Amino acid sequence: MTPFTYQNGTLFAENVSLAQLAENYGTPLYVYSRSELENRWKAFDQAFGKQPHLVCYAVKTNSNIAVLNVLAKLGAGFDIVSQGELERVLRAGGDPKKVVFSGVAKQPAEIRRALEVGIRCFNIESHAELDRIQQVAEEMDQVAAVSIRVNPDVDAKTHPYISTGLKDNKFGVDINTAPELYQQAANCSHVNPVGIDCHIGSQLTEITPFVDALERVLALKNTLQEQGIEIHHLDLGGGLGITYTDETPPAISDYIGALLDKLNDPDMEVIIEPGRAIAGNAGVLLTQVEFLKPTEHKNFAIIDAAMNDLIRPALYQSYQDIVAVTPREDGLQAQWDLVGPVCETGDFLGKDRSLNLQAGDLLAVKSAGAYGFTMASNYNTRPRAAEIMVDGEQTHLIRRRETYDDLIGLETLIEE
Ligand code: LLP
């Protein structure tokens with residue numbers, strides 16, 4: 001059930017009018033639904049039933065501390081890729097013992113901080129990283145729990161930029177050579193290999209690649225057992241897709257059910273790292289039409305949100321549904337390219353959209369809760385948008401709009 005529904009002809013987030021939010025806080029404006037975030041996390045959590053598990057929300061998806069806090073209150077774990085994300089989790093009241101640390105190049109200072117607060121596990125991506133973690137842990141006289149991220153070489157059948165499980169991606173280590181690296185980890189004095197990790201890509205809309213990857217991970221687990229290395233958890237990454245337009249991803253319960261069927265081991269702890277499937281459809285980006293610019297070849301609607309606010313369409317040619325907040329009853333529909341004010345031809349949020357528009361109209365870019373604000377930039381010295389969380393009838397400003405001082409204040413003139 002989407003939290004974004006029309007009530008008396010205008011779009012609401014839960015019980016709050018988006019038009020009202022735009023009036024109060026301005027546009028562009030990210031708006032998230034607390035109940036949707038909670039319901040999606042809970043759907044993952046409940047799908048595991050009695051299986052030992054931990055649902056680690058992928059912080060990179062939407063890292064606002066209010067979002068993290070809402071999930072932390074439900075008992076969520078977190079998948080992080082930097083110390084910055086770790087500091088967010090801590091600030092949001094997340095439990096460090098439920099944090100897994102992914103990413104191809106963790107800095108020594110990041111490893112130190114993670115050991116200091118006692119995270120659950122490091123997901124190691126290379127031999128060199130194993131050495132670095134061993135070294136830092138030794139300096140701190142601690143033992144670091146690790147998984148090795150293996151690359152199971154399955155085709156996630158998603159956009160090449162967000163597919164990560166194929167041999168020619170930079171991620172993980174070849175699953176065939178993993179036993180060697182596990183042996184080295186087991187021989188390290190300050191590292192304890194406790195799990196196997198894999199993440200094959202993002203926005204997957206089929207179950208099969210996940211199950212294929214798990215099959216290979218299970219074979220590895222058996223090989224390791226023969227080597228005397230006991231595995232206590234399997235981290236199967238994130239990647240479940242959402243509906244942006246007409247995609248039909250599996251239901252969360254079917255996806256988890258298929259994994260548990262394949263696993264067929266009620267004692268093995270399973271960690272997953274979903275991001276998009278929790279936050280994607282919990283958010284919209286509100287924007288206002290500045291000008292209509294019909295030309296002989298194309299109709300452009302210039303809106304006040306741009307690629308710096310939401311880069312997915314420009315970067316991946318991804319489709320995000322765009323709807324009128326208060327659809328007009330008068331006038332005619334036309335085909336519009338929705339373009340931003342940034343000086344780039346690639347600055348569009350949607351192309352050839354059938355809409356009935358006038359300057360001043362408000363639009364909602366849907367499915368913007370994931371990889372929206374977190375990928376925003378200040379390109380063209382544009383302040384980043386404000387963020388709102390709606391909770392029933394309540395509205396919370398969870399990040400104020402940036403000011404020009406925020407943007408320029410870190411810079412200094414050279415002397416002379
Ligand atoms: N775990 C790891 C190790 C990851 O690299 C990612 C995403 C996730 C979990 C969460 O994946 P999800 O459940 O959200 O699919 N910016 C792109 C997506 C990049 C995904 C990067 N890794 C986009 O906007 O489509």
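What follows is a conversation about a predicted model and the reasoning behind some of its labels.

Visitor: What makes the radius of gyration of the chain agree with a compact globule?
Guide: For 416 residues, the globule rule gives a value near 22 Å, and the chain has 23 Å, so the two agree. Along the principal axes, the C-alpha atoms take up a box of roughly 70 × 65 × 40 Å. Into that go 12 helices and 21 strands.

Visitor: How many of the residues count as buried, and what about contacts across the sequence?
Guide: Buried residues make up 47% of the 416. As for contacts with a separation of 6 or more, 71% of them join residues 24 or more positions apart.

Visitor: Why is glycine 239 called buried?
Guide: The cut-off is 20 or more other C-beta atoms within 10 Å. Glycine 239 has 29, so it counts as buried. It sits in the loop between β12 (233-235) and α9 (252-263). Beyond its sequence neighbours, Gly239 touches Ala156, His199, Ile200, Gly201, Ser202 and Leu204.

Visitor: And how do you know that proline 274 is buried?
Guide: Same count, same cut-off of 20. Proline 274 has 28 other C-beta atoms within 10 Å, and therefore it is buried. You'll find Pro274 in the loop between β13 (269-272) and α10 (276-279). Its contacts, leaving out residues within four places in sequence, are Phe44, Val55, Tyr57, Ala58, Gly238 and Leu240.

Visitor: Which residues does UniProt list under "binding site"?
Guide: The unreviewed entry places that feature at Gly239, Glu273, Pro274, Gly275, Arg276 and Tyr371.

Visitor: Which residues come nearest to the ligand?
Guide: Of the 19 around the ligand, Ser202, Gly238, Gly275, Arg276 and Tyr371 come nearest. Gly275, Arg276 and Tyr371 are also among the positions in the UniProt record. By class, the shell has 6 nonpolar, 9 polar and 4 charged residues.

Visitor: What makes the span of helix α2 agree with what it should be?
Guide: Helix α2 runs over residues 34-47, and at 1.5 Å a residue its 14 residues should span 20 Å. The end C-alpha atoms are 20 Å apart, so the helix agrees with the expected span.

Visitor: Which residues of α2 are buried?
Guide: Arg34, Glu36, Leu37, Arg40, Trp41, Phe44 and Ala47. An α-helix has 3.6 residues a turn, so residues three or four places apart point the same way. Phe44, one of the buried residues of α2, is also a contact of Pro274. After the helix comes glycine 49, with a positive phi near 55°.

Visitor: Why is aspartate 153 called partly exposed, and asparagine 264 exposed?
Guide: Buried needs 20 or more neighbours, exposed needs 12 or fewer, and partly exposed is in between. Aspartate 153 has 18 other C-beta atoms within 10 Å, so it lands in the middle class. Asparagine 264 has 8, so it counts as exposed. Asp153 lies in the loop between β9 (144-151) and β10 (173-174), and Asn264 in the loop between α9 and β13.

Visitor: What is the phi of each?
Guide: Phi is near 55° for aspartate 153, a positive value in a residue other than glycine. For asparagine 264 it is near 50°, again positive in a residue other than glycine.

Visitor: What is the omega of the peptide bond from threonine 27 to proline 28?
Guide: Omega is near -5°, and the bond is cis. Proline 28 is in the loop between α1 (18-25) and β4 (29-33).

Methods
Residues numbered from 1 in each chain as written. Predicted model: local features only at pLDDT ≥ 70, side-chain atom pairs only at ≥ 80, totals over all residues. Helix = DSSP H or I, 4+ residues; strand = E, 2+ residues; numbered from the N terminus. Rg over C-alpha atoms; globule rule 2.2 N^0.38 Å. Contact = placed C-beta atoms within 7 Å. UniProt positions renumbered as here; feature names shortened; annotations may be inferred. Near = placed C-beta within 6 Å. Nonpolar A, V, L, I, M, F, W, Y, C, P; charged D, E, K, R; others polar. Expected span 1.5 Å × (residues − 1).
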